Amino acid sequence: MGLYSFKLPDVGEGTAEAEIAAWHVKVGDLVTEDQHLVDIMTDKAVVEISSPVAGKILVLHGDAGQMRPVGSTLIEFEIDGVGNAKAEAPKPASVPAVAPAPAAAPSAPQAPVAAKASEPAPRPALTLVSPPVPTAPAAVTPAFATRLAGDKPQASPAVRQRAWDLGIELQFVPGTGPAGRITHADLDAFVAAGGTTAVGSVQARALTRDGVEEIKVIGLRRKIAEKMQEAKRRIPHFSYVEEVDVTALEELRQHLNGEKKDRPKLTLLPFLLRAMVKALPDFPQINARFDDDAGVVHRHAAVHAGIATQTPSGLVVPVVAHAEALDLWQAAAEIARLATAARDGKATREELSGSTITITSLGPMGGIVSTPVINRPEVAIVGVNKIVERPMVRGGQIVVRKMMNLSSSFDHRVVDGWDAAEFIQRIRGLLEQPATLFMD
Amino acid sequence: MPAMNMIQALRSAMDIMLERDPDVLVFGEDVGFFGGVFRCTEGLQQKYGKRRVFDSPIAEAGIVATAVGMGAYGLRPVVEIQFADYIYPATDQLISEAARLRYRSAGDFTAPLTVRAPYGGGIFGGQTHSQSPEAIFTHVAGLKTVIPSTPYDAKGLLIAAIEDDDPVMFFEPKRIYNGPFDGHHERPVTPWAKHPASDVPDGYYTIPLGQANVVRPGDAVTVLAYGTMVHVALAAAEDSGVDAEVIDLRTLNPLDLDTIVDSVKKTGRCVVVHEATRIGGFGGELSAVVQEHCFYHLEAPVQRVTGWDTPYPHAFEWEYFPGPKRVAEALRQAVEA
């Protein structure tokens with residue numbers, strides 16, 4: 001048997017350190033070659049690290065959420081044959097590893113971000129997406145409490161271990177031992193009674209909830225938090241909201257969707273993208289990236305449109321490159337492809353980089369007004385609110401129209417309000433007269 | 001086999017080693033002509049001469065320093081400190097020189113000396129004749145620490161200590177030199193002659209360092225003890241009726257972790273007993289290793305029964321000495337927790 005020391009590789013961008021997003025193995029596991037071991041996060045993306053060897057995990061260096069220098073030992077294996085580490089490598093007992101399962105309290109929460117195995121890369125870009133609400137620890141079984149809120153159950157470590165093994169939450173087990181301690185016999189009785197006998201006479205009642213759960217902000221969530229903070233701290237945002245009558249556009253969209261079955265289904269986004277592509281040449285200061293350290297605005301001829309996408313682990317922004325060169329259906333296909341890739345965690349670093357302006361949409365949850373956060377270092381973000389039918393006055397008559405708000409934010413350091421408003425009005429005009437979207 | 005008390009067993013060990021190995025020497029205060037304050041070396045000078053068994057000045061630092069130098073040059077000195085309480089002048093030589101020599105010289109030199117020192121209370125020796133300083137030395141990397149509890153173990157462990165290439169602190173529980181003592185000071189003392197552990201072979205044998213001995217099997221609670229306290233723990237198990245498993249550690253460093261862990265995992269409870277004061281005592285280390293290795297098997301907190309945190313009181317010796325009553329109470333508390 002030999003010892004094999006696996007060092008944290010340079011996972012891209014020449015970074016000096018990277019964050020452990022989530023472990024997928026624990027000490028003592030037997031792993032096969034190429035087995036998914038750990039997720040490592042750089043500034044841009046989560047990278048899945050696979051096992052270079054088959055063997056037994058002896059030591060895991062670092063916990064989820066910790067930074068590790070590139071080149072430092074990440075995992076130590078015991079393998080058949082000759083390893084690459086000297087025999088005096090640290091013994092497993094001498095190095096604190098990731099806490100083994102029994103050490104964690106039964107209700108110990110797992111960081112939601114870290115829980116996901118292969119989520120897509122993070123994006124600097126970001127919009128107004130509420131952070132996922134931390135979920136309560138799973139599998140709290142019985143519905144009755146036997147002690148007052150705030151009274152912690154008392155039990156020996158051996159009893160706690162057994163309760164953990166049995167999946168029993170001690171809070172619900174009555175204790176008959178000295179000073180109310182829970183004994184093995186109490187556990188037996190609890191199990192024998194199906195988990196509720198001891199409190200069977202207690203009527204179901206509304207229980208107060210107590211306790212504070214700490215969810216460490218790590219991994220993708222931390223990246224999002226840092227980017228949002230940086231964007232809001234450095235960019236003086238101003239938002240502009242305008243309503244758009246999309247009745248005609250919706251008719252056209254439904255017509256096109258009904259006409260061509262072999263083409264991708266059109267959502268509103270390709271139309272909006274096309275409107276932006278047509279408008280932006282007249283607003284070069286808006287299709288831009290601002291290097292505020294150097295004091296230079298980089299105006300881009302190409303339109304690389306970021307599409308803010310909600311994924312199970314958080315917000316990412318894949319990029320429709322050269323949107324100006326795509327027709328409506330090509331744009332629709334590319335948006336759909338990228339969204340799927342992002343949700344499946346398959347988006348590449350290239351697909352997640354280089355946008356010059358961003359679109360954000362909450363889809364049917366889109367609300368009335370929002371305040372998008374600019375995807376720094378871009379200078380503008382266009383947010384789509386929900387389409388609703390509203391009574392509108394047209395020619396002195398009240399008519400029902402399909403209306404949608406556009407809520408957009410701009411970097412006021414380099415974009416003036418007048419220009420921003422003019423840009424949005426131009427888009428509005430194109431969307432309200434959809435034929436103009438297709439006229440040169 | 002002859003019946004020996006612990007003094008005789010220790011003398012037998014030194015006699016055998018002086019005979020077997022010409023590099024072995026015995027020296028210390030009054031160990032030559034007089035045969036030692038407790039007569040452990042009686043007759044050895046007459047048998048092996050003044051070049052191999054000799055008296056030293058009353059200078060503990062000098063005794064140990066000389067032994068370190070002898071060891072470096074290939075001899076195997078066995079030195080006696082009359083009482084463990086007097087060892088402190090020699091601690092610099094032990095800690096700074098003896099313990100480090102092998103490491104400092106990358107193995108070119110060793111300090112294979114054995115330091116014998118009677119320790120512990122129960123004999124009304126007062127402050128300066130009753131201390132238990134073993135924890136000081138277990139803390140020093142490079143030193144080994146041995147404490148026997150029977151004549152049989154004393155001989156086998158002392159021979160192993162003399163043969164060991166590292167410096168060994170060999171603390172002898174003087175309260176049980178002449179017979180086992182169960183802590184019931186009001187009872188007549190039983191001599192070793194009536195105890196099975198006094199069946200000591202005449203010839204050579206060793207007991208490996210680092211091997212504990214389960215002296216009483218049991219299922220309810222593990223008692224970790226050494227020296228005189230082994231006998232106190234056995235008495236407490238009988239008195240309390242608690243089915244205690246009593247482990248005689250025999251060597252504190254190296255420690256037989258496997259035996260300890262196996263037992264505590266079986267019983268789920270642990271009581272540590274020693275004569276030394278509590279704060280910083282070796283019981284703290286034992287308690288910690290049990291917690292580290294057996295935490296999820298523990299049914300109760302690890303308890304310590306120790307001397308009090310005062311100098312050893314002459315007038316209140318039996319109040320200070322951890323007797324079977326206190327140990328039995330701890331056993332009961334452990335099983336009722």
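**Local features of a predicted two-chain model**

Phe124(B) is partly exposed, with a relative accessible area of 38%. In this predicted model, Phe124(B) sits in the loop that links S4 to helix H6 (134-138) of chain B. The backbone there deserves a look, as phi of Phe124(B) is near 55°, a positive value in a residue other than glycine. Chain A offers another such case: His322(A) has a positive phi, near 50°, and is not a glycine. His322(A) belongs to the loop between strand S15 (319-320) and helix H7 (328-344) of chain A. With a relative accessibility of 40%, His322(A) counts as partly exposed, because values between 20% and 50% fall in that class.

Cis peptide bonds come next. In chain B, Asn253(B) and Pro254(B) are joined by a cis peptide bond with omega at about 10°. Pro254(B) is part of the loop running between S10 and helix H9 (257-267) of chain B. In chain A, a cis peptide bond connects Arg376(A) to Pro377(A), and omega is again about 10°. The loop that holds Pro377(A) lies between strand S16 (357-361) and strand S17 (380-384) of chain A.

Several of these elements of chain B can be placed in a sheet. Seven strands of chain B make up an open sheet with mixed pairing, in the order S2-S1-S3-S4-S6-S5-S10. Its edges are strand S2 (53-55) and strand S10 (251-253) of chain B, each of which pairs on one side only. On average, neighbouring strands of this sheet are turned by 20° against each other, direction ignored. In general, the strands of a sheet pair through backbone hydrogen bonds, in parallel or antiparallel fashion. Strand S1 (residues 24-28) of chain B runs parallel to S2(B), and three bridges join the two. Within S2(B), Asp55(B) is the residue opposite Gly28(B).

Helices lie across this sheet. Helix H1 (residues 6-20) of chain B lies across S1, S2, strand S3 (76-80), strand S4 (114-119) and strand S6 (168-173) of chain B, at about 135° to S1(B). Helix H3 (residues 60-72) of chain B lies across S1, S2 and S3 of chain B, and runs at about 170° to S1(B).

Turning to the start of chain A, Gly2(A) is found in strand S1 (residues 2-7) of that chain. Gly2(A) has a relative accessible area of 10% and is therefore buried, the cut-off being under 20%. Beyond four places in sequence, the contacts of Gly2(A) are Phe77(A), Glu78(A), Ile79(A), Gly81(A) and Gly83(A). Of these partners, Ile79(A) is 77 residues away from Gly2(A) in sequence, yet their C-alpha atoms are 5.2 Å apart in space.

A word on confidence is useful when inspecting chain A. The average pLDDT of chain A is 81, and 81% of its residues score at least 70. Residues 88-145 of chain A have pLDDT below 50, although this stretch has 146 contacts in the model beyond near neighbours in sequence. Residues 197-205 of chain A also stay under 50, with seven contacts beyond four places in sequence. Where pLDDT is low, predicted coordinates should not be read in detail.

An unreviewed UniProt entry annotates residues 154-191 of chain A as "domain: Peripheral subunit-binding (PSBD)". In the model, residues 154-191 of chain A are 47% helix and 0% strand, and their end C-alpha atoms lie 18 Å apart.

Notes
Residues numbered from 1 in each chain as written. Chains lettered and ligands numbered in written order. Predicted model: local features only at pLDDT ≥ 70, side-chain atom pairs only at ≥ 80, totals over all residues. Heavy atoms only, no water. Helix = DSSP H or I, 4+ residues; strand = E, 2+ residues; numbered from the N terminus. Buried < 20%, exposed > 50% of the residue type's maximum accessible area, 1.4 Å probe, protein only. Contact = heavy atoms within 4.5 Å. pLDDT = per-residue confidence, 0-100. UniProt positions renumbered as here; feature names shortened; annotations may be inferred. Pairing = 2+ DSSP bridges. Axes fitted to C-alpha atoms, helices over the stretch in contact; angles between N-to-C directions.
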